[in-house]
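Got the viewer open? Let's take a short walk through some side chains, one selection after another.

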Amino acid sequence: MYLQYQTETEDCESVESPSACRLMQFSSSWGEIVSALALMALAIWFLVGAQSLSGSIGAIGPATFPTGIGALLLLAALAWFGTVLRQLLGRRPTERIEVRRPVAIVAAIVLIGVFPFAMPAFGYYPTMAVWLVPFAWAANVRRPLPLIGVVGGFLLFSKLVFEMLLGTPLPH
């Protein structure tokens, strides 16, 4: 896998750390392989997690939706992986793609992976409030007022829609 790094000057003026301004370039086929493998891992996580839900064996219940989503994701990822593998083995030329701010992207991926484990331990609202701040940073929301709006707005939306409108209690 061939990667190139360079510093991007136009976006670096608003960022404190020069490493956050990196520009990563690589073959689109390798990017698609990594994406397909990540989608397969997510699908397997859904399938394994669904089996731990109560009442999930043999009947329609809480595990039905995550099992269906996991199966569909796995089928799509396998098809995608096979298509890209055929392109690579056929030595078809692929485009180069650029990933701007790869540090922020990796930070967002880690945050998404940590969230489901933190929520049962600390509850939905405290976890979401703390989690949204670094996730907003990764999404380049850095000014205090918009940051407060994102966090407060999302928590209010969650309370109104899930708990009040739908009557679905969120973990406390």
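Start by selecting W131 and F135: both sit in helix 4, four residues apart, which is about one turn of the helix. Keep in mind as you look around that this is a predicted model.

Now show the two side chains. W131 and F135 make a stacked aromatic pair, with 4.7 Å from centre to centre and 15° between the planes. Is each one buried or exposed? W131 has 16% relative accessibility, so W131 counts as buried. F135 comes in at 25%, so F135 counts as partly exposed.

Next, add F115 to your selection. The ring centres of F115 and W131 are 5.0 Å apart and the planes meet at 50°, so this pair is tilted. The pair ties together distant parts of the chain: F115 belongs to helix 3 (residues 102-122) and W131 to helix 4 (residues 124-138), with their positions 16 residues apart. Both F115 and W131 are buried.

Keep the three residues on screen together. Ring pairs join F115, W131 and F135 into a cluster. If you like hunting for rings, the structure holds five aromatic pairs.

Last stop: the surface. Select F154, F157, F162, L165 and L166, and you have a nonpolar surface patch of about 510 Å². Where does L165 sit? Look in helix 5 (residues 144-165). With a relative accessible area of 66%, L165 is exposed.

Key
Residues numbered from 1 in each chain as written. Predicted model: local features only at pLDDT ≥ 70, side-chain atom pairs only at ≥ 80, totals over all residues. Heavy atoms only, no water. Phe/Tyr/Trp six-rings, centres within 6.5 Å; stacked < 30°, edge-to-face > 60°. Helix = DSSP H or I, 4+ residues; strand = E, 2+ residues; numbered from the N terminus. Buried < 20%, exposed > 50% of the residue type's maximum accessible area, 1.4 Å probe, protein only. Patch = residues over 30% accessible without salt bridge, like charges linked within 9 Å, V, L, I, M, F, W, Y side chains within 5 Å. Areas by Shrake-Rupley, 256 points an atom, 1.4 Å probe, with all protein chains shown as cover. Salt bridge = Lys/Arg side-chain N within 4 Å of Asp/Glu carboxyl O.
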